[in-house]
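Reader: I would like to go through a model feature by feature. Please give the general idea where there is one, and then the case at hand.

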Amino acid sequence: MAMTRLYYFLPLGGLVVFAGYVGLRAGDVPGETEIINRYASTYVDTLKDGAAVTDCAATSHPNGAVRMVITCTHPSGIVTNYYVGPRGNTIPADQIRMPDA
């Protein structure tokens, strides 16, 4: 009798462990190198002709809500800026406010 109850709770226990693992992975914040590489490859995919990942560099931003700014300069002179939030998400440029001095 006790063994049959165990069989009812094993799938539930497995589900709880799996949900915990997925929750931990979803909470991971990507590293700066990973973020820079992601946006540099997006830049190369967008501009293609003559674009290289080495055209991109990351700098800090005075606004604390912006983790970094990735600036990619194409050999033709086109400059592309990516504003990155604390978790690696893209922030639209029109939503960024400069801090008061």
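Author: What follows takes a helix, the core, the strands, a disulfide and a loop in turn. The model is predicted.

Reader: Start with the helix. How many residues does α2 have, and what span should they give?

Author: A helix rises by 1.5 Å a residue, so the 16 residues of α2, 32-47, should span 22 Å. The end C-alpha atoms of α2 are 23 Å apart, which agrees with that value. After the helix comes Lys48, with a positive phi near 50°.

Reader: Which residues of α2 are buried?

Author: The general idea is that an α-helix has 3.6 residues a turn, so residues three or four places apart point the same way. In α2, the buried residues are Ile35, Tyr39, Ala40 and Tyr43. They cover an arc of only 125° around the axis, and therefore sit on the same side of α2.

Reader: Which residues are exposed on the other side of α2?

Author: Thr33 and Asp45 are exposed there.

Reader: What do the buried residues of α2 pack against?

Author: They pack against four strands: β1 (56-59), β2 (68-73), β3 (79-84) and β4 (90-91).

Reader: Which residues make up the largest nonpolar core?

Author: The largest nonpolar core has 11 residues: Ile35, Tyr39, Ala40, Tyr43, Ala51, Cys56, Met68, Ile70, Cys72, Tyr82 and Val84. At least two residues of this core come from each of α2, β2 and β3. The biggest share is that of α2, which supplies four residues. Another core, of five residues, lies apart from this one; Val66, Val69, Ile91 and Ile96 are among them.

Reader: Now the strands. In which sense do β1 and β2 pair, parallel or antiparallel?

Author: β1 and β2 pair in the antiparallel sense, over four bridges. One of the bridge partners to look for is Thr71 in β2, which pairs with Ala57.

Reader: And over how many bridges do β2 and β3 pair?

Author: Over six, again in the antiparallel sense. Thr73 stands opposite Val79 of β3. β2 and β3 form a hairpin with five residues between them. In that turn, Gly77 has a positive phi of about 105°.

Reader: How is a disulfide recognised, and how many are there here?

Author: The test is a pair of cysteine sulfur atoms within 2.5 Å. By this rule there is one disulfide. Cys56 and Cys72 form it, with their sulfur atoms 2.0 Å apart. The link of Cys56 and Cys72 is right-handed, at 110° about the S-S bond. It joins distant parts of the chain, since Cys56 in strand β1 and Cys72 in strand β2 are 16 residues apart.

Reader: Are Cys56 and Cys72 buried or exposed?

Author: Both are buried. Leaving out residues up to four places away in sequence, Cys56 touches Ala40, Tyr43, Ile70, Thr71 and Cys72.

Reader: Last, a loop residue. Where is Arg87 found, and why does Arg87 count as partly exposed?

Author: Arg87 lies in the loop between β3 and β4. The class of partly exposed runs between 20% and 50% relative accessible area. Arg87 has 45% relative accessibility, and so counts as partly exposed.

Reader: Which residues is Arg87 in contact with, leaving aside neighbours within four places in sequence?

Author: Arg87 is in contact with Ala26, Gly27, Asp28, Val29 and Pro30. Gly27 is 60 residues from Arg87 along the chain, and their C-alpha atoms are separated by 9.2 Å.

How values were computed
Residues are numbered from 1 along each chain as its sequence is written. This is a predicted model: local features need pLDDT of at least 70, side-chain atom pairs count only at pLDDT 80 or more; totals for chains, interfaces and linings use all residues. Side-chain values use heavy atoms; hydrogens and water are left out. The expected span of a helix is 1.5 Å times one less than its number of residues. Buried means under 20% relative accessible area, exposed over 50%, partly exposed in between (1.4 Å probe, protein chains only). The arc is that of the directions from the helix axis to the C-beta atoms. Contact means heavy atoms within 4.5 Å. A nonpolar core is a set of buried Ala, Val, Leu, Ile, Met, Phe, Trp, Tyr and Cys residues joined through side-chain atoms within 4.5 Å. Two strands pair if DSSP finds at least two bridges between them.
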